[in-house]
Amino acid sequence: MSSETGKILTTDGIPLEESLKQAEKKNKIKAFLLVAPLLLFLIITYMIPIGDMFSRSIDDKMVTNMLPKTYKAMETWDGKELPPEEVFEAFYLDYKILVKNKTAGKLQTQLNYEKNGFKSVLKKLARKQKKFEEGNYKEQIMKVHKRWRNVEYWRAIKRRAPSYTYSKYLKGVDMYSNEDGKIVQVSEDRRIHRILWIRTVEVAFFVTLFCFLMAYPIAHLLATLPMKYSNLLMICVLLPFWTSLLVRTASWMILLQQQGIVNDFFVWTGLVADDNRPEMMYNKTGTYVAMTQILLPFMVLPLYSVMKTISPSLMRAGKSLGATPAVAFFKVYFPLTIPGIGAGCLLVFILAIGYYITPALVGGASGTLISNQIAYHMKSTLDWSFASAMGLMLLTGVLVIYWIYNKLVGVDNIKLG
Amino acid sequence: MALPKYTEPHYRIWHYFYLLICGCVFFFLIAPLFVIFPLSFNAEEFLVFSDGMKRLDPDAFSLRWYKDMIYGTKNPWGLAARNSFIIAIFATLGSIILGTLAALGLSSRHMPYKGLIMAILISPMIVPLIISGVAIFFFMAKVGLAATHLGIILAHIILGTPFVVITVTATLSGFDHSITRAASSLGSSPYNTFMKITLPLILPGVISGGLFAFVTSFDEVVVVLFLAGLDNTTIPIQMWTGLREQLSPTILAVATCLIILSVLILLTAELLRRRSERLRGISR
């Protein structure tokens, strides 16, 4: 059964190479089919919606849809002098429909963002337009309010035309593009978002630092103690880990309140006077303390799993070669724990930067973070496109951190307990 | 960790100082949980230890908040508990099925684009919850599943599968594939092989992943806050509202029950971990 090319054949006459390839392909498809349900599910319900957030965040069709005729008529207008009669007529017709449908309010708000004082002008027009006669709308509209003679207001409408915008992203860092199309900062007293971003990074950084400082000694103790003691102490780490986040936040709310146990203790030791109990909740202190305790297990577990693998004989070898315990620790032990430190810090930092529940409950006004702002816009102001924009800015930040971490340490080193 | 006799005094002091620090950190970790216990038996309405409680006067303790939790007027906890359990159980089942299948595929050496696919599968764990919440809400609102149990269950499957994928892939990394080949060569069907050989061996991983998924779903607030309507309130939602509006001791009674539940989960997880360590010890 030898073929002309001299290839090795399987029993059914197909060259071995091809047969192997087919089997490999079959295995590939098999493996892929196993992953496919979850992959499809996540792509449809999760990845695409995140992409959808992006299109929402730049979507600005609201005004375009409200004034279709106006924008069509404005296409030929150069914006230097007052627009021609057709634009006035188109605007009158569009606005009439909006007033009839009771949606004119939205347009007034949106155009007021573009040009201050637009709202009152539009409101007046809404009242007067009922008595308008047919023809020569330019004259009639300009008679309603003298500002309609000002070309600035018409430019503002035209500026609002593009159906895509990055203004939400600018708003997220307290900037906006002004009447001349230049990007400028909002006035000092309205810069709230930048403070929130800085505070979020600051809280995440310090919570990570505190967690690291507290977790390192106890992870070391857990890894070096004999099994029967360390298993018992491990419960102190694992029980909070498995306990509901809200339960732990509730217990901090009880502990930190003004008549709470921590304050009682301070009064008892004489650190503070009974009538001068410090406010420890509803500010940054509360956020720091509660978040550190809640995220601490996420730092301990990766550190522990790395420290567990470090042989104690390494430290002994260092000492026997003449190093003092401190030198042996910093030259031998500490470098070996870096993968654990990296994993723990990454985990805690990423969790902290997106924290919502605890800051909302114990943070008060000065302890809320960027996530609270996102939730606020999702639930209260219903400015979903702004919430999406801020969410994506946060996500980009997290992905950058993740990418840097992957370059420095490697994601494969992450372990779950 | 007893110190050897020859230890110099200043190292000895340093060592005790280190133990003291560790003690403080352990106290910081665990003590807050124990505040809830006694206060949930408070006879009064305040969330502070009354003078009677400090004297251990039996009259200062009562079960009234537990009664309020179960029989209270307009009691929201019964419905919330039922919803929570239904949602968590179905979300766990969904996560286990989808996650285990995916993990089986991922640990095959024939799997193409492994890194990329793994990144997608565990992304719900990396992306901050608030962003997942917004994205999932947009999807559920679009397909009309907002404020339904199904919507919340699907959302929790999204959040829970990464844990199952990670734990099961970890279990499978020590898995000897020649066993399944042996089974097939002896005439077992793929389904039979999976049920009789593979599943029993990876079961500890599957269950501990399932536990993670269960706890994630049972404790999840952020996504449910966006999705839930009045009929889908869960225990966390109810606690969230309670903590925001007024801290009543009833919440502490619920919290105590939740702590007991987490003790049970912890015990199960520990038993599983030891069992799987034993099994791995044998196979080595």
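**Exercise 1. Chain B on its own**

What percentage of the 284 residues of chain B count as buried? Work this out for the predicted model, and then describe the fold and the spread of the chain.

*Solution.* Start with burial: 43% of the 284 residues of chain B count as buried. Next, take the secondary structure, where chain B shows 12 helices and zero strands, so that reading along the sequence gives the pattern α-α-α-α-α-α-α-α-α-α-α-α. Then turn to the spread: the globule rule gives 19 Å for 284 residues, whereas the radius of gyration of chain B is 24 Å, well over that value, so chain B is more spread out than a compact globule. The C-alpha trace of chain B spans about 75 × 70 × 35 Å along its principal axes. Finally, consider the contacts in chain B between residues at least 6 apart in sequence, of which 75% join residues at least 24 apart.

**Exercise 2. Chain A and its domains**

Describe chain A by its secondary structure, its spread and its domain assignment.

*Solution.* Begin by counting elements: chain A holds 20 helices and two strands. For the spread, set the radius of gyration of chain A, 32 Å, against the value near 22 Å that a compact globule of 417 residues would have, and add that the C-alpha trace of chain A spans about 100 × 100 × 40 Å along its principal axes. Of the 417 residues of chain A, 36% count as buried, and among contacts in chain A between residues at least 6 apart in sequence, 66% join residues at least 24 apart. The domain assignment then divides chain A into domain 1 (1–58), domain 2 (63–163), domain 3 (164–190) and domain 4 (193–413). Taken over C-alpha atoms, the centres of domain 1 and domain 2 of chain A are separated by 58 Å.

**Exercise 3. A helix in chain A**

Is α12(A) mostly covered or mostly uncovered, and does its length suit its number of residues?

*Solution.* Check the length before the surroundings: helix α12 (residues 245–256) of chain A has 12 residues, which at 1.5 Å a residue should span 16 Å, and its end C-alpha atoms are indeed 16 Å apart. As for the surroundings, α12(A) is mostly covered, with 12 of its 12 residues buried. The buried residues of α12(A) include Arg248(A), Thr249(A) and Ser251(A), as well as Trp252(A).

**Exercise 4. Where the chains meet**

Which element of chain B gives the most to the side that touches chain A?

*Solution.* First establish the two sides of the contact, which takes 67 residues from chain B and 69 residues from chain A. Among the elements that give two or more residues to the side of chain B are α1 (9–39), α7 (149–173) and α12 (249–283) of chain B. Of the contributing elements, α1(B) gives the most, with 14 residues. By residue class, the side of chain B that touches chain A divides into 58 nonpolar, seven polar and two charged residues.

**Exercise 5. The nonpolar cores**

Which residues of the largest nonpolar core touch the most other members?

*Solution.* The largest nonpolar core has 157 residues, and those that touch the most other members are Ala215(A), Leu295(A), Val300(A), Val348(A), Ala352(A), Val134(B) and Leu227(B). Helix α14 (residues 284–307) of chain A gives the most to this core, with 13 residues, and the core draws at least three residues from each of domain 1 (1–58) and domain 4 (193–413) of chain A. Leaving aside neighbours within four places in sequence, Ala352(A) is in contact with Val203(A), Ala204(A), Val207(A), Thr208(A), Met291(A) and Leu295(A). Apart from this core lies another, of 23 residues, among them Met66(A), Leu67(A), Phe88(A) and Ala90(A).

Key. Residues numbered from 1 in each chain as written. Chains lettered and ligands numbered in written order. Predicted model: local features only at pLDDT ≥ 70, side-chain atom pairs only at ≥ 80, totals over all residues. Helix = DSSP H or I, 4+ residues; strand = E, 2+ residues; numbered from the N terminus. Rg over C-alpha atoms; globule rule 2.2 N^0.38 Å. Buried ≥ 20, exposed ≤ 12 C-beta atoms within 10 Å, placed from the backbone. Contact = placed C-beta atoms within 7 Å. Nonpolar A, V, L, I, M, F, W, Y, C, P; charged D, E, K, R; others polar. Core = buried A, V, L, I, M, F, W, Y, C linked by C-beta atoms within 7 Å. Domains from an automatic or database assignment. Expected span 1.5 Å × (residues − 1).
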